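Student: Could you take me through one part of this structure slowly? I would like a close look at how the helices of chain B pack, and at the spaces around them.

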Amino acid sequence: MRRAAAAMLLLVLPVSAPTPAAGDRPAPLTIATWGGAYEASQREAYFLAFTEESGIPIRTAAYAGGVEPLRRRIEGTGPDWDIVDMTMADHRRACELGLLRRFDRRVLAPAPDGTPAARDFIAGSFTDCGVAHNVFSMVFAFDERAFPGARPYRVEHLFRPDAFPGGRALRKRPDALLEWALISYGVPPADLYNLLSTERGMRLAFRRLDRIREHIHWWSDPADAVELLGQPGVSFASGYNGRFFNAAVVEGMPFEIVWDGQVYERDAWGIVRGSAHVERAREFIRFATRTDSLVRQTRHIAYGPTRRSAARQVGEHATAGVDMRPHMPTNPSHMTRAIEKDVAWYALTRDRLEERFDAWLAGG
Amino acid sequence: MTALAEPRRGLLGVARRAAVVGVLGVLMGGLASLAAVGFVAAIDWLNDVLRVSARSRMMAGDWRWLPLLTVAVPAAGGLLVGVVKRALLLADRAPGPPDVIEAAQRGHGEIRARDGVPSALAALCSLGSGASVGQYGPLVHLGATIGSAVGRLTPHGGRTLGTIGIGCGVAAAISTVFNAPIAGILFAHEVVLRHYSLRAFAPITVASTIGFVLANFVFGGDTLFRVDEVPRVEPFEFAGFVAVGIGGAFVAIAFMRAIMAAEWIAQRSRLPVPLRPAAAGALLGIVALWLPEIIGIGKETLRFTLIPEAFTPAELGLLLAAKIFATALCLGFGFVGGSFSPALVIGALFGALAAFGAALLIPGAADSMSAYAICGMAAVTSPVIGGPITTILIVFELTRNYELTTAVMVSVVFSNLVSYRLFGRSMFDEQLRRRGCDLTLGRDQLVLDRAPIRPYVSGDYEIAHSGQSPAALRASLVRAGASEAQLVDAAGRYRGTITLNDVLAALDAGHDGPADDLASWDIAVLRADMSVLAALRQAESDRSGILPVLESADSDRLVGVIAQSTIVRAYRETLGDLRREEHAAP
């Protein structure tokens, strides 16, 4: 029924971006996104250009992961968002919980050479509720000043405070931590989630985390990761690769990313159920996922585009002038022990993982 | 003449042969490999849907029906297996690798699709519902069924090509699922064909390579286990690997004996045959509520044995016993599947346990636990399948590590040495021996035992009729230039042999009774339904040159005679066929 309704709407509305009548300024579209360097890159690549082309102003709201805000929205107490930029795991979960509207991929624009969107996006980019627009990765970086001698280059080193001392600024979520903990036993990435699905695997992972328990500084907002790493006493931080790139290359901080064991994932656009501007939201998603828009974002941040036509056009950073290709998570040299985040697994196990993680936190 | 047996000279002939070998190898290997990929994918899918795999169980979470499902799925799967076997299989025993070996050894090269397809279906039900059985046995049988069918359907194919097809199918299946093309070739030769002929080697190599190519480049194969990091092995640890080998042999023997004991118990239980797997499945599910590791193939457990911190020695011991119990239960009570993958898990658990033991004597042994686990895996598995070289090659191709393979080699050799002495060559050979196909003396005996003597029976002999006088008999013997006559009664039944010597001596002594009195029953009398081997044994007890041949074990009607020299010719010719098959040009 929902699908049918969405299709009906499509028939009624023109699919190509309509030019709004000049003069009457439309209500702004509210997009919930991640702040920091990431939001800045989106502003440059999407928001300003979209407003210029359609006349629709964009307002951003701070979002830091999870599905709670959307749940509250349904209950009538949540924020008034139209579009939300979620990680694939949360996006799928929100979709399953009915917190996002159904999305018809036929809205999306074809590649410049005419390749339909359905074939231009890399496999697994579409969901019932939206489309993935970039590949980003959870990595850990270290402060070069903390290790004048041997430098860490493997996940194992994160769990060896004896050899690589100093604080570890880690995100207060099981994501990536469990993966890194288990991979540090030599488990190949392809086996990770199967083993984490067993009681024994979970126990091993937490036992590894016990080793660094007293060295952890927790963070929740991704923007804090970079800030924490700059502080004295902290020698490692987990975080999104784009932000570390920004800190190291654009701002010149002495940070280095350890690509070993990177946990890559995608970000996806979804339209919040309850939004009053569904058509405009769709229009925005069509605009922001056009090949030229995606290429534009790679000029500002090191996240890989999900369209093949865009990946082929990755060039230099807009201001720093460095070649962006070696900084992309998808660069082949970073893929030897890369972990593709199993978002389907996370979508269904999230509550129990959090519960277990909280129990571990309390156990310290 | 078979399609592969026409050696033609000249460039054109060479090109034609290369093309035939290539096309047949690709066809047999490709089909077997596709079937293997499909089979494994179907098992994985079923395991996810039915909440057998760890991942799907984790994703099901605290779902309250999960414990019920854990018991119901293997029980229902068992019921289905029972029904499939009853409805579709001719025997109540599903065929497997032993039948493949038998077909290749007997040289008829025929594995009927009528057997192969229902057997694969029953195996799919077993593995899909989480029975503790292996997937490689059914895969080997499926590959052999396909290869045999292609071989026999090829124009001028016949027996030989059927046998080569079996080798190709088996090699492709192993190569596909293990990502190990060399091990595939060796498995086909070491375990199934048991001889190296250039004629079979070429197409089998092509088939195995095709399996590897399909698995790697087309489907992006998922292998049984991955070993990313291989520990350094210290020289003195080789003593430990010898011990793992010897201990592994005892574990393997315990495992094989447990399966046979379970079969024995099942046969003596009052449970109706079709319900036996269901009962085993239910019991398996109940135990799995406490020990979820025992259901399914056990990939996760296998992987954990490579991590030193994953188990305590007590857990390893418990799981080792539980997995042997679960597999014996499932196989003994009629689930359809192999014993190879459970043997891998059991061996790995044993190896890890051995590492704890070694750590008491050798400092640092616990750090190289994965080496011990892999040695244990190979030490237990190789005597079960009877393939020491194959096992070594599988480890080599999976780990691509020379030191580790050397360690495994030591364990495997000692394990096979012990197991061969105390048990026999393999589980398969033991199963075959129990149904009267003894391979311990090699293929020659088996083929001789199957080759009938009947074609060599001669109708050129002298008959003495009951009541005939010795004088008349002498006359007819002299006329025919024969030295003996076979006495038959009115119904044509053999009554004894009368030699010319006896006749002459009787006449000299003035014997005037009928010649019947002179007849003596030849103790080396042959039956026409005997094999060449039996005839040969029988002839050893006789010193005369000509042996009477009677119709069958329950009919004394004389059908002819056979000279001892003819039996020797039969022996030579039968083995000659075998040698030609084994030594023919590619």
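Tutor: Here is a walk through the helix pairs of chain B, followed by the pocket and the cavities. Please keep in mind that this is a predicted model.

Let us start with some background. Two packed helices are described by the angle between their axes and the distance between the axes. We can use that description for each pair below.

Take helix α1 (residues 10–49) of chain B and helix α9 (residues 198–218) of chain B, whose axes come within 7 Å and cross at roughly 45°. Because of that angle, α1(B) counts as oblique to α9(B). The crossing of α1(B) past α9(B) is right-handed. On the α1(B) side, the contact is made by B:Val21, B:Gly22, B:Gly25, B:Val26, B:Gly29, B:Gly30, B:Ser33 and B:Leu34. From α9(B) come B:Ala202, B:Pro203, B:Val206, B:Ala207, B:Ile210, B:Gly211 and B:Leu214. Sorted by class, this contact has 9 nonpolar and 6 polar residues, with no charged ones.

Next comes α13(B), which packs with helix α14 (residues 340–361) of chain B: their axes come within 9 Å and cross at roughly 160°. An angle over 145 degrees counts as roughly antiparallel, and α13(B) and α14(B) are therefore roughly antiparallel to each other. Their crossing is left-handed. In the contact, α13(B) uses B:Pro313, B:Leu316, B:Gly317, B:Leu319, B:Leu320, B:Lys323, B:Ile324 and B:Thr327. Facing them from α14(B) are B:Pro342, B:Val345, B:Ile346, B:Leu349, B:Phe350, B:Ala352, B:Leu353 and B:Phe356. By class, the contact of α13(B) with α14(B) has 13 nonpolar, 2 polar and 1 charged residues.

Our last pair is helix α8 (residues 181–193) of chain B with helix α16 (residues 388–399) of chain B, packed at an angle of about 175° with axes 8 Å apart. So α8(B) and α16(B) are also roughly antiparallel to each other. Here α8(B) brings B:Pro181, B:Ile182, B:Ala183, B:Leu186, B:Phe187, B:Glu190 and B:Val191 to the contact. The α16(B) side is made of B:Pro388, B:Ile389, B:Thr390, B:Leu393, B:Ile394 and B:Glu397. This contact divides into 10 nonpolar, 1 polar and 2 charged residues.

Now for the spaces. The second largest pocket has a volume of about 980 Å³. Of the 40 residues that line this pocket, B:Arg93, B:Ala94, B:Glu263, B:Leu331 and B:Gln431 lie nearest its centre. Several helices of chain B each supply at least two lining residues, among them α3 (66–88), α10 (238–268) and α13 (313–332). You have already met α13(B) in its packing with α14(B). The largest share of the lining, 6 residues, comes from α10(B). By class, the pocket lining has 20 nonpolar, 11 polar and 9 charged residues.

Cavities come next, and a search of the whole structure finds 7 of 30 Å³ or more. The second largest cavity has a volume of about 80 Å³. Its lining includes B:Pro97, B:Tyr136, B:Val140, B:Ile174, B:Phe187 and B:Phe340. B:Phe187 also belongs to the contact that α8(B) makes with α16(B). Helix α6 (residues 136–153) of chain B gives the most to the lining of this cavity, with 3 residues. The lining divides into 8 nonpolar and 3 polar residues, with no charged ones.

For chain A, look at the largest cavity, with a volume of about 100 Å³. Among the residues lining it are A:Phe136, A:Met138, A:Arg171, A:Arg173, A:Asp175 and A:Lys341. Two elements of chain A, β5 (130–143) and β9 (255–271), each supply at least two lining residues. Its lining has 5 nonpolar, 1 polar and 5 charged residues.

Note on methods. Residues numbered from 1 in each chain as written. Chains lettered and ligands numbered in written order. Predicted model: local features only at pLDDT ≥ 70, side-chain atom pairs only at ≥ 80, totals over all residues. Heavy atoms only, no water. 1 Å grid on protein atoms, 1.4 Å probe; cavity = no way out; pocket = protein on both sides within 12 Å on 5 of 7 lines; lining within 4 Å. Points joined across faces, edges and corners; volume = space filled by probe spheres on them. Helix = DSSP H or I, 4+ residues; strand = E, 2+ residues; numbered from the N terminus. Nonpolar A, V, L, I, M, F, W, Y, C, P; charged D, E, K, R; others polar. Axes fitted to C-alpha atoms, helices over the stretch in contact; angles between N-to-C directions. Parallel < 35°, antiparallel > 145°, perpendicular 65-115°, else oblique. Left-handed = near helix turned anticlockwise from the far one by under 90°. Contact = heavy atoms within 4.5 Å.
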